[in-house]
Amino acid sequence: MEADEWLQLLAQHPIFDNTTAGRAASTARARMVVRDTDLFVAVGREVRWISLKACKDAYVRSESKRAGLRGGDDAGKSAEARLEAVPWYRLGCEALSFDISRLAVNMSGKLLAVVGTHQVAVVVLPAATGRPTGGAFKAARAETGEQSTGVWVDCRSMLLGENAPTRRHSEAAASSARTRVVDVLWHALSTRDAHLLVLQANGAVRMFDVTEDADVPEQTLSLFDSGFTMSRAVGFCMGGTAGWARMTLYVLTNTGELFSLCPVVPKRCSLDRAWLEDLLEAAEMDVREWVAEEYEASSYIYTPPELVAARAAVRWLDQLLELDSAGSADRMLLTLPTSLLQPAAVQGPYLFQPEPVSASGYCSDSSGADSDAGQDADCDPDDACDVLHMETGMGVSLVAIAYCDAHVEVFADLEPVIGRWADAPHTRNLPVLAALASADLTVQPLAGLTKAATQPGLVGLVADPLRPGVFYALHVHGVHRMDMRGWTRLLERAVGLSSESGRSAALEQLLLALDGGQSAQAHNCVQCIVHTNESAARPAVPVVGAVVIDDIYLSYSLLALVAPCQLIGVSLSLAAENADEDEVSEAGDDALAEDGRRRLDLSPNAKDVVYVPRLPTNRYEVPPSLSGAAQQPRLVLRENSRGESGVSEERLKLLGSVVGQLRTQLSTVASAHAAMQERLDLQAQEHQRQHDKLAAISTGFSQHIEQMRRSQHRLDALRQTGQKLNLRVDQILRQLISHFQPELSLAEREFAHEVRVMDTRVNGVDGYCQLVDRLQERVGDMRALAKLVNARANARQAQVPMLSQPALEQIEQMLEDEQLRIKETCERINGINERVECAEELGGLA
């Protein structure tokens with residue numbers, strides 16, 4: 001997977017320069033978040049901010065000019081210079097005096113939670129960078145006048161409660177490992193999107209309403225009520241949107257134990273009426289189901305704990321609906337009384353059944369591990385470190401748990417959580433999660449090692465907002481993409497079948513898919529998309545943050561932040577990934593070339609390439625008559641006993657025998673010669689066929705190479721046309737977004753117009769401020785005149801007759817009335833100034 005060109009150029013932007021920032025937290029894993037098209041990055045002790053839309057606009061303008069399209073930039077700058085010139089900002093916050101390890105932005109994009117080791121700060125974010133400067137941007141100040149250093153934007157910030165060392169706790173208590181801040185998240189049911197959940201290592205979960213009180217938490221929940229424990233909390237997450245999961249909080253400990261708290265609801269919450277009615281109906285069905293188990297024995301009524309929990313849920317839901325019984329809106333804005341804010345009971349630890357199936361055979365580049373690598377001081381290889389709850393969109397919920405030894409276990413949540421309260425008895429049966437797979441994330445170094453080295457470190461999990469069931473694991477070796485949709489589809493099919501035989505067959509198919517380590521589905525389940533383990537000479541560089549962008553203009557991509565502050569962009573595919581390979585159309589044997597001749601099929605198993613010999617498959621053997629020693633007959637005529645020589649019957653018989661043997665041997669040699677000649681003819685024909693075949697293949701390859709050259713030229717032309725079309729599409733998208741999704745809505749424009757009118761009335765040429773100044777000058781002149789008149793009156797008291805008392809009282813009354821009017825005018829001006837300041841702040845938050 002490669003990145004778009006503008007993402008590669010974005011990595012060179014000065015916002016990712018960490019030379020002027022302090023050191024980053026070693027346990028950071030979420031130092032980058034996105035708000036719509038704005039990117040926030042934590043560098044040391046400061047938060048930086050840039051508009052991705054502005055970066056894409058700069059790239060499109062530059063490339064459009066280079067491609068000769070209309071709407072291009074006439075400045076003549078390159079795309080690199082254009083992107084480097086995009087302004088970026090630095091949040092000036094008094095509360096940010098600590099090393100930042102995590103960022104979390106709320107759903108409205110107005111508040112940003114900044115997490116340190118023992119501190120949590122909330123920053124009020126200004127408006128998006130694309131809007132006209134105003135509000136918080138009015139106070140922006142440039143540092144040394146250089147664009148490369150960013151523009152400071154002053155923002156309001158606050159430290160939360162007991163996490164601030166200067167409040168209520170000494171520095172020794174704040175530095176304790178048990179009170180270390182582990183994670184934060186914004187509650188989705190908050191009315192004003194202002195409730196922040198803070199998890200500490202001691203298992204304490206504190207909920208703050210940052211708009212009401214940043215010092216004292218609204219609610220406090222404890223995971224470990226039994227006293228001292230060696231376990232510590234390492235992560236938490238909220239459930240999905242189905243059933244009670246919307247109010248369920250999952251908490252993970254370092255030992256791998258998973259707990260849940262339900263219900264967890266803020267005091268000021270926004271709830272769907274239809275959703276609450278569905279929960280009430282389900283709870284009433286549970287009551288009717290379990291009421292049959294209630295019986296009386298020996299004047300004692302036994303009530304099952306499930307029935308007690310169901311009745312408590314019915315009472316709680318009834319009270320919630322009664323708070324807005326007269327309302328007719330589908331969305332209820334409630335303020336819960338104290339009686340409905342009872343702490344939830346801790347459910348768990350969860351049982352994992354069966355044992356997770358190891359997926360290292362197809363998820364890892366190596367089967368071995370070396371534990372001699374460096375280790376994070378806060379992370380033991382056997383510790384769990386993060387948890388993620390997902391809804392696949394097919395009725396199945398998944399829970400992923402990451403461990404520091406670079407592996408992730410995935411479970412299916414087939415038993416939905418229901419609300420339970422701490423003051424009510426509940427069943428001792430532990431909840432169960434069905435194990436699906438365990439993925440090994442170790443990777444093979446690019447150079448220098450033949451075996452992968454597992455370096456313990458924190459593993460972060462990030463869900464894909466566009467595709468349910470897909471998530472990303474960030475670790476010290478890079479980023480892995482995990483796609484569980486294939487397995488959840490099989491699991492959903494097995495759960496949804498009514499017949500026992502069909503369910504068993506579907507479960508067997510699922511188990512076969514889980515055990516089939518060499519299947520294509522298993523290979524596509526886990527993919528390494530970012531690799532940071534370059535060689536054995538240098539240790540792997542951890543990924544400390546990642547965000548998924550699904551904006552139609554910015555494209556579907558993953559941005560990964562590699563320590564200390566290096567950006568890596570990866571373009572993600574939007575095409576369907578489960579298409580069968582059989583659907584791909586291939587050219588047949590009868591395909592014709594451009595010149596009308598038959599085109600050779602040069603695929604590995606094609607008949608045009610595979611050569612079938614015609615020679616016998618058996619090995620050629622030399623005839624036995626020629627394999628032995630040469631036999632040459634010899635005629636030996638012995639003399640008779642009487643010393644006579646001549647023709648005799650005995651000699652004639654011997655001569656006939658020798659001649660017969662010679663003829664037999666000559667016939668055998670002739671037969672062997674005929675067989676050898678036939679073999680030689682076949683070999684000559686075979687050699688000629690091989691020569692013709694090689695000549696045909698050579699000609700075919702020559703034609704194929706020529707076709708490849710012509711195809712490459714066409715592809716280059718199509719690629720250039722595609723780039724121009726992409727730029728044109730980006731330009732059209734920019735115009736459509738500006739027209740249909742303007743930076744300011746009609747109401748916001750009217751509000752801004754009213755603010756400008758009020759500012760003109762107050763600070764204009766004929767405004768109230770000018771009027772007050774003129775009135776104050778008039779009062780000063782009148783006072784000076786009064787003093788002069790009094791001095792002259794005192795000097796001529798003897799000569800000038802005194803004014804009558806009624807005249808003096810009339811003058812004094814006129815002066816008092818004038819003073820009262822001046823005072824009222826000043827008060828009105830102060831009130832108008834306050835309203836203008838509030839309007840500017842609201843405009844900055846909009």
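Okay, let's start with one residue: Asp483 is buried, at a relative accessible area of 13%, where buried means under 20%, exposed means over 50%, and partly exposed is in between, using a 1.4 Å probe and protein chains only. Before I go on, this is a predicted model, so local features need pLDDT of at least 70, side-chain atom pairs count only at pLDDT 80 or more, and totals for chains, interfaces and linings use all residues. Residues are numbered from 1 along each chain as its sequence is written, and side-chain values use heavy atoms, with hydrogens and water left out.

Back to Asp483. You'll find it in strand E30, residues 478–483; strands (E, at least two residues) and helices (H or I, at least four) are DSSP runs numbered from the N terminus. The Asp483 side chain has a polar contact of 2.8 Å with the side chain of Arg485. By polar contact I mean a pair of N or O atoms within 3.5 Å; within protein, one must be able to donate a hydrogen and the other to accept it, and residues adjacent in sequence count only if both atoms are side-chain atoms.

So who does E30 pair with? That's E29, running antiparallel to E30 and joined by 6 bridges; strands pair if DSSP finds at least two bridges between them. Ala473 has His480 in E30 as its bridge partner, and 2 residues sit between E29 and E30 in their hairpin.

Now E29 itself, residues 470–475: 6 of its 6 residues are buried. On one side we have Val470, Tyr472 and Leu474, and on the other Phe471, Ala473 and His475. E29 also pairs with strand E28, residues 460–463, antiparallel over 4 bridges, and Gly460 is matched with Leu474 there. That hairpin has 6 residues between the strands, and Gly469 takes a positive phi near 95°.

Moving on to helix H6, residues 305–322. Its 18 residues should span 26 Å at 1.5 Å a residue, and the end C-alpha atoms are indeed 26 Å apart; the expected span is 1.5 Å times one less than the number of residues. Its buried residues, Trp316 and Leu317 among them, pack against strand E18, helix H5 and strand E21, with contact meaning heavy atoms within 4.5 Å.

Last up, cysteines. How many disulfides does the structure hold? The count is 0, taking a disulfide as a pair of cysteine sulfur atoms within 2.5 Å. Cys565 counts as buried at 7% relative accessibility, while Cys826, at 24%, counts as partly exposed.
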